[in-house]
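Here's a walk through one protein model, written for someone who would rather be at the bench. Have a look at the fold first, and then we'll go through the strands, the rings and a helix.

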Amino acid sequence: MKKFSLLILAILLAFSAVQAQKKKAKNGKSTLFSHTAAEDIKAESNSVTSLLNTATGDLIFVVPVQTYKFKKSLMQKHFNQSRFMDSKNHPKIKFKGKITNLSAVNFSKDGKYNVNVSGNITIRGTTKPQNATATLTVAGGTIKGYSAFSVKNIGQFGVGKPKNRKKKGNVADNIDCKVWVTYK
């Protein structure tokens with residue numbers, strides 16, 4: 001009975017250690033910005049979810065497309081239509097990647113750490129490589145993440161204009177993005 005109890009305790013401790021390595025963020029924030037000849041386009045979502053494995057550096061970010069809010073309701077309507085984000089058929093933007101310089105972060109020590117992230121972003125069902133720099137701030141056991149990056153050549157994802165269309169549409173080629181998350 002004593003050996004069995006020790007075995008159960010060992011399994012629970014191992015499970016606890018694995019769980020401690022996986023951090024989840026809910027209700028993170030994401031912003032989009034692009035400048036066009038007609039007007040600046042700005043949107044914000046407070047529905048970013050993310051998973052971070054502190055042992056491996058693996059990351060996943062998901063943003064439901066329809067959660068982006070615009071100041072102008074017509075802009076929001078156009079954003080979700082099939083010509084742009086087609087949120088009915090492609091309801092999520094997803095990034096799956098890895099912190100490539102994980103050794104630069106000490107998750108058990110409070111501080112601010114600059115990291116490099118490499119992975120793939122999926123928009124409208126099309127997946128392309130995406131790299132970014134980010135800052136992780138460790139404070140009192142909480143990890144906060146922030147990144148500012150650009151999604152280049154948004155037309156490759158079928159957003160705003162056909163891939164081979166020569167005439168410029170009303171979508172900028174590059175979309176500036178920012179993401180804030182708090183892992184618990």
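A quick definition before anything else: a charge sits over a ring if NZ of Lys or CZ of Arg is within 6 Å of the ring centre and within 35 degrees of the ring normal. Keep in mind that this is a predicted model. Here, the charged end of Lys 29 sits over the ring of Trp 180, at 4.9 Å from the ring's centre. We'll come back to Trp 180 below.

**The barrel**

What do the eight strands do? They close into a barrel, going round in the order 1-2-3-4-5-6-7-8 with antiparallel pairing. On average, neighbouring strands of this sheet are turned by 25° against each other, ignoring direction. As background, strands of a sheet pair through backbone hydrogen bonds, and the pairing can be parallel or antiparallel.

Three of the pairings are worth setting side by side.

| Strands | Bridges | Residues facing each other |
|---|---|---|
| Strand 1 (residues 22-35) and strand 8 (residues 175-183) | five | Leu 32 opposite Cys 177 |
| Strand 4 and strand 5 (residues 111-123) | six | Lys 96 opposite Asn 120 |
| Strand 5 and strand 6 (residues 126-139) | 13 | Tyr 113 opposite Leu 136 |

Strand 5 and strand 6 form a hairpin with two residues between the strands, and in that hairpin Arg 124 takes a positive phi near 55°.

Another loop to look at is the one between strand 1 and strand 2 (40-53), where you'll find Thr 36. Is Thr 36 buried or exposed? Its relative accessible area is 8%, so Thr 36 counts as buried. A polar atom of the Thr 36 side chain lies 2.5 Å from the backbone oxygen of Glu 39.

**The aromatic rings**

How many aromatic pairs turn up in a search of the whole structure? The search finds four. One of them is Phe 61 with Phe 95, a tilted pair at 6.4 Å centre to centre and 55° between the planes. This pair links distant parts of the chain: Phe 61 belongs to strand 3 (residues 58-64) and Phe 95 to strand 4 (residues 92-99), 34 residues apart. Both Phe 61 and Phe 95 are buried.

Tyr 146 and Trp 180 make another tilted pair, with 5.3 Å between centres and 45° between the planes. Tyr 146 is in strand 7 (residues 142-151) and Trp 180 in strand 8, so this pair ties together parts that are 34 residues apart in sequence. Tyr 146 has 30% relative accessibility, so it counts as partly exposed. Trp 180 counts as partly exposed too, because its relative accessibility is 32%. That is the Trp 180 whose ring has the charged end of Lys 29 over it.

Elsewhere, ring pairs link Tyr 68, Phe 70 and Phe 79 into a cluster.

**Helix 2 and its two faces**

Phe 79 shows up again in helix 2 (residues 73-80), whose buried residues are Met 75, Gln 76, Phe 79 and Asn 80. Why do these residues share one side of helix 2? They cover an arc of only 130° around the axis, which puts them on the same side. The general rule behind such patterns is that an α-helix has 3.6 residues a turn, so residues three or four places apart point the same way. Turned away from the buried side of helix 2 is a face that carries the exposed residues Ser 73, Leu 74 and Lys 77.

Notes
Residues numbered from 1 in each chain as written. Predicted model: local features only at pLDDT ≥ 70, side-chain atom pairs only at ≥ 80, totals over all residues. Heavy atoms only, no water. Pairing = 2+ DSSP bridges. Helix = DSSP H or I, 4+ residues; strand = E, 2+ residues; numbered from the N terminus. Axes fitted to C-alpha atoms, helices over the stretch in contact; angles between N-to-C directions. Buried < 20%, exposed > 50% of the residue type's maximum accessible area, 1.4 Å probe, protein only. Polar contact = N/O pair within 3.5 Å; in protein donor to acceptor, adjacent residues only side chain to side chain. Phe/Tyr/Trp six-rings, centres within 6.5 Å; stacked < 30°, edge-to-face > 60°. Arc of directions from axis to C-beta.
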